[in-house]
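Subject: Structure handover, with notes on pockets, cavities and helix packing

Dear colleague,

Please find below the structure I promised to pass on to you. My notes on what was found in it follow directly after.

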Amino acid sequence: MLFDELRLRDVTFRNRAWVSAMCQYSAIDGVPQPWHLVHLGSRAVGGAGLVIAEATAVEGRGRISPQDTGIWTDEQAQAWAPIAAFVKEQGAAAGIQLAHAGRKASTRRPWSGRGSIPVEDGGWETLAPSAQAFAGYAEPREMSLDDIVDVRRAFAAGARRADQAGFDVVEIHAAHGYLLHEFLSPLSNARTDAYGGDLAGRSRLLTEVVGDVREVWPPRKPLFVRFSGTDWVDDGWTVEETTELAGKLGAAGVDLVDISSGGNVTEAPIPVGPGYQVPLARAVREGSGVPVAAVGMIADPAQAEQILLDGSADAVLLARATLRDPYWPLRAAHTLGADVVWPAPYERGAWR
């Protein structure tokens, strides 16, 4: 089943082994570099059905680090175009994750230290639903209604540029403690206006962003949303809320939800282990009726196959496993006995 096709709108994915968005922290002024072409292109060569480019900021202040990719300028979109084209030439669908880091923006990339970068050292003021800092980071400014309008426009503009760059799929990042997740979770959203309070208020911005993006994103192309299925903390965002919202967004034009978890608070007791987020994906799939992708420590081909066979998800997203082995899907096909087409220049090395 891992190598069955999946069709969403007018896009047919050659299989259900997909590459998750993974930050590379290697852009210059938001512009992707040759590194991104090789990184994403090699995973398409490796047989993935979909390759999703990393969390890509819809505005400069939405970057996690100064080295994050962006899509808030035409120059950035033009640099993405040959990357998307190459991925598609290898038979994979090309996706991009549109993101805003909110209170977790303006930080050092992982190998350069930790914590916020001060404004005087090249950092910037961060934004959030409430003036509550992520542990160890600078305090953000509470967003005004004008700020919210600006962010909505930025996501729509990013989707328009993603289409112009040739991407097949856009994924809206509403997970891992970044801006849209910050609005969803009562742990980070203390607003008393229409964007806070109950589920309808806390999910209003994401719902509006989905509507804005769906309006400019071509009807023939699928739209995904990545959720943190739970905060793993009492009184935080829950899988039940994720399920309810996923159903509503499915009716509003979202074609698949990608279920991760955590990232909004540091003290969460996350039970990390192989497939630890799969039960969340299954709950959302069963409760919402929306197609779902599972992600999180999925590394073994038999494990990935079983997730699909038992109905926990419609596709699996691979991250670290494909950093270790860009050709994971080709190896998995051999392991599972699936007949797949190898890239012609690599056929001499195919497993038989």
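Let me begin with the backbone: Trp232 sits in the loop that runs between strand S9 (223–228) and H7, and in this predicted model Trp232 has a positive phi of about 65° although it is not a glycine. His176 is also a non-glycine residue with a positive phi, in its case of about 60°, and His176 is placed in the loop between strand S8 (169–174) and helix H4 (179–184).

His176 leads on to the pockets, since it is one of the residues that lie nearest the centre of the largest pocket, together with Tyr25, Lys104, Tyr178 and Arg320. The volume of this largest pocket comes to about 1,400 Å³, and its lining is made up of 47 residues. By class, that lining has 24 nonpolar, 16 polar and seven charged residues. As to where the lining comes from, strand S12 (315–318) and helix H10 (320–324) each supply at least two residues, and the largest share, four residues, is that of H10.

The second largest pocket has a volume of about 210 Å³. It is lined by 14 residues, and those closest to its centre are Arg14, Gly47, Leu330, Val340 and Val341. Two elements give two or more residues to this lining, namely helix H1 (34–45) and helix H11 (328–336). Sorted by class, the lining of the second largest pocket has nine nonpolar, three polar and two charged residues.

I turn next to the enclosed spaces, where the count comes to two cavities of 30 Å³ or more. The largest cavity has a volume of about 50 Å³, and its lining consists of Ala55, Thr56, Ala57, Gly62, Arg63, Ile64, Asp68, Ala99, His100, Ala101, His173 and Tyr178. You will recognise Tyr178 from the list of residues nearest the centre of the largest pocket. Strand S4 (residues 50–57) provides the largest share of the lining of the largest cavity, with three residues, and by class this lining divides into six nonpolar, four polar and two charged residues.

Which residues line the second largest cavity? They are Leu40, Val51, Ala53, Ile83, Ala84, Val87, Ala94, Gly95 and Phe167, and they surround about 40 Å³ of space. At least two residues of this lining come from each of S4, helix H2 (74–89) and strand S5 (93–99), with H2 giving the most, three residues. The lining of the second largest cavity holds eight nonpolar residues and one polar residue, and no charged one.

The remaining notes concern helix packing. Two packed helices are described by the angle between their axes and the distance between the axes.

Helix H7 (residues 239–251), the helix that follows the loop of Trp232, packs against helix H8 (residues 278–288) at an angle of about 45°, with the axes 9 Å apart. H7 and H8 are therefore oblique to each other, and their crossing is right-handed. On the H7 side the contact is made by Val239, Thr242, Thr243, Ala246 and Gly247, which meet Leu280, Ala283, Val284, Gly287 and Ser288 in H8. The residues of this contact divide into five nonpolar and five polar, with no charged residue.

How are H9 and H11 oriented to each other, roughly parallel or roughly perpendicular? The axes of helix H9 (residues 301–309) and H11 come within 9 Å and cross at roughly 80°, which makes H9 roughly perpendicular to H11. In this contact Pro301, Ala302, Ala304 and Glu305 of H9 meet Trp328, Arg331, Ala332, Thr335 and Leu336 of H11. By class, the contact of H9 with H11 has six nonpolar residues, one polar residue and two charged residues. H11 thus appears twice in these notes, as it is also one of the elements that give two or more residues to the lining of the second largest pocket.

With best wishes

How values were computed:
Residues numbered from 1 in each chain as written. Predicted model: local features only at pLDDT ≥ 70, side-chain atom pairs only at ≥ 80, totals over all residues. Heavy atoms only, no water. 1 Å grid on protein atoms, 1.4 Å probe; cavity = no way out; pocket = protein on both sides within 12 Å on 5 of 7 lines; lining within 4 Å. Points joined across faces, edges and corners; volume = space filled by probe spheres on them. Nonpolar A, V, L, I, M, F, W, Y, C, P; charged D, E, K, R; others polar. Axes fitted to C-alpha atoms, helices over the stretch in contact; angles between N-to-C directions. Parallel < 35°, antiparallel > 145°, perpendicular 65-115°, else oblique. Left-handed = near helix turned anticlockwise from the far one by under 90°. Contact = heavy atoms within 4.5 Å.
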